[in-house]
Structure formats: structure tokens, C-alpha cells
Amino acid sequence: MGVNMIKSLHSLSLYVPKLEVGKDFYSCMGLIPQFEHNAYVFRCEGRDQDQLRLIQGNKKEIAWITWSTDFVGMALIEEKIQQYQIELYEPEMESKYLKKSKKEIWLRDPDGTLLQIIVAEPAQQSRPAFKLNHPGEVFKRVAIRGAPNRLIDARPRKLGHLLKFSPDVNRLVNFYVNILQMKLSDRIGDKEVAFLRCSGDSDHHTLALALSDAPGLHHCSWEMGNIDQMQLCAQRLIQAGYKDGWGVGRHIYGSNYFHYIRDPWGSLSELFWDIDYIGKDSDWTVEIANAKGESLHENLYQWASSPPPDDFLHNYER
Ligand SMILES: [Fe+2]
């Protein structure tokens, strides 16, 4: 058992230097934009929840990350904040971009990233599961053409996780585990990469951290309905002129299929499918993979169409 403090990654708010450039990129990815409260807010088709907010800024950087909990979880978080004497943040400028939530608190993590914690239930998806011939299913198709038309619905279903660069991964792990009661799922190296999940039922990671000499956003990650949707979405972005980041491949930690596309400001958007899921009371043994020399890159993937490009872990926000 254990308390369920952070229930889900709710949304990401980013400052970007050009709103329209961001709107074009994420619309091409298949998110649905709406201009409200002075910002572009994006949702996934069939899901009644804001997932991404783009706000006019001087450069691309995380504005804040929104996590959700329930009233019981909120009370426990407030206790932890008192216990560890964490200072709360009073949003002023941020408020003009937001609707009021039922209950919320704001604080900064040790790298200075602003966190908003709200009381909210994660919204369900109304789109049906999209079934095509894919790995893991009994092959039943006989004398029927299976290649999906490239015009199939190939749009994200959910914001799955974020990967933040940090100059001190372990300091952040301690913060997210001790204060917000997130759980460590796996690591690559004892200070290089860490994967954290929400305290209840959760994807393998909803927040990952990678060592860099400065904070920054490495990628935000979007769940697709299957591998065809993932690849068709990536193909649509590449054909529109956006830069291929890395993929297709399959990760070791999280196990998900991935395809990364560079956003217009050097971060990555990952399209993923089939990530490991860990139940609230599941047995799970944390693995610490080797990060020495070439091992760091080798432990990023089981297989991929190519090895990771040299700049895969480059922090363009430095
Ligand atoms: Fe990822």
C-alpha cells in the first residue's frame, strides 16, 4: 500500500519565442489548438484535458509543469511541504493564462522548475482503441490487405511523460521521491539518468531526468494508439519539413517503441506506443544500468533503425 499523492502528469506549459511556429508544429503533430487566456492550449482528440500550453516568451523553456492529485493527496503533499520547509510560490503572471482550479498549490523543484499541483481527475479518452495487425496479437488476418491507409487517424492520445535535463539528477530524484512521493522505476548510471513514475498505477515513467550542465527540456512524449499511428505521425511531420530526431526504435527502460522529432527550438517531441505499466501494488525491481562510456547510449535502446544521433542528449537550452 502507499499513498497516492501525484496521480498523473496533467499538462506542460512552455514559453516559446514564436507562438504561431509552435501552433503549426503541434497542429501538424495532430493536437487540437485553441487560443484562450492569451495562450495556445492544445488537447488530444477525444480527451477533455489541456495537455500543452504555449505562452509568448523570449526563448523556449519550461514555464511550469502541472501535476494532478486528489484532495487526500493534496493534504499529504501539503504536510510534506511543511515537513521539508519548502517555500510555496504565489502565481501572479501565470494566473492570467489559467482558469481557476478547484484547489492548487505552486512550488519550485531544486532546479527552479515551477510546478503547479492541482486537484483533478485525469480525463478519459473517448476514442476507441485502434486495432490493426501489430506485435503481440494473434495473427488472424487471412486474405485481407493489412497495410493501413496513410490517412488513418494518427494523432496523439495523451501526454505521457517529460524528460528534463538537470545538473544534479540525484537532488531532483530526492525531491520528487521525498516531497511528492513519486517512485523510482529504473536508472542508467548512478547519476546520469533516472525514470520516475506517479505513486499510484502509472506508466513506467511520467518524469525522466538526464544529467546536463544546465536545466532544460529534453523531450515531451505523446502516446499513440499503435505503431502504425506512431510512424505515420512521424512521417507526416518529417514530410512537412520538421527534423527527424531518432527512430523508429524500442527503448529498454519503459520498453516503449519511439520516434523522436525535433521541435522548432531544439527540444524533441517523442511519439511512443506500448510503454511498461506498473500497478500501485506491483512488485517492481529497480534496475541500474551501466552508464560508462558507450554504455549510456547503448542502454537507451534495444533496437532502432540507427544508433542515436550524436546530439540526442545535447541540451540546446544551455
Ligand atoms: Fe521518452
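This is a short tour of a predicted model, going from an iron site to a neighbouring histidine in sequence and then to a helix.

Residues are numbered from 1 along each chain as its sequence is written. Local features need pLDDT of at least 70 and side-chain atom pairs pLDDT 80 or more, while totals for chains, interfaces and linings use all residues, and side-chain values use heavy atoms, without hydrogens and water.

Select the iron ion. Its donors (N, O and S atoms within 2.8 Å of the metal, or 3.2 Å for Na, K and Ca; water is not among the atoms, so sites may look incomplete) are His 161 (NE2), His 219 (NE2) and Glu 270 (OE), at 2.0 to 2.2 Å. Along the chain they follow the spacing H-x57-H-x50-E. His 161 lies in strand β8 (residues 158-166) and His 219 in strand β13 (residues 216-223), so the pair ties together parts 58 residues apart in sequence. Strands here are DSSP runs of E, at least two residues; helices are runs of H or I, at least four, and both are numbered from the N terminus. Both histidines are buried, meaning under 20% relative accessible area (1.4 Å probe, protein chains only).

Next, select His 218, also in strand β13. His 218 counts as buried because its relative accessibility is 2%. Its side chain reaches the backbone oxygen of Phe 312 at 2.7 Å. Leaving aside neighbours within four places in sequence, its contacts (heavy atoms within 4.5 Å) include Leu 163, Lys 164, Ser 267 and Leu 313.

Finally, select helix α1, residues 19-29. Buried residues there include Leu 19, Phe 25 and Met 29. Just after α1, Gly 30 takes a positive phi of about 110°.

How values were computed. Buried means under 20% relative accessible area, exposed over 50%, partly exposed in between (1.4 Å probe, protein chains only). A polar contact is a pair of N or O atoms within 3.5 Å; within protein, one must be able to donate a hydrogen and the other to accept it, and residues adjacent in sequence count only if both atoms are side-chain atoms.
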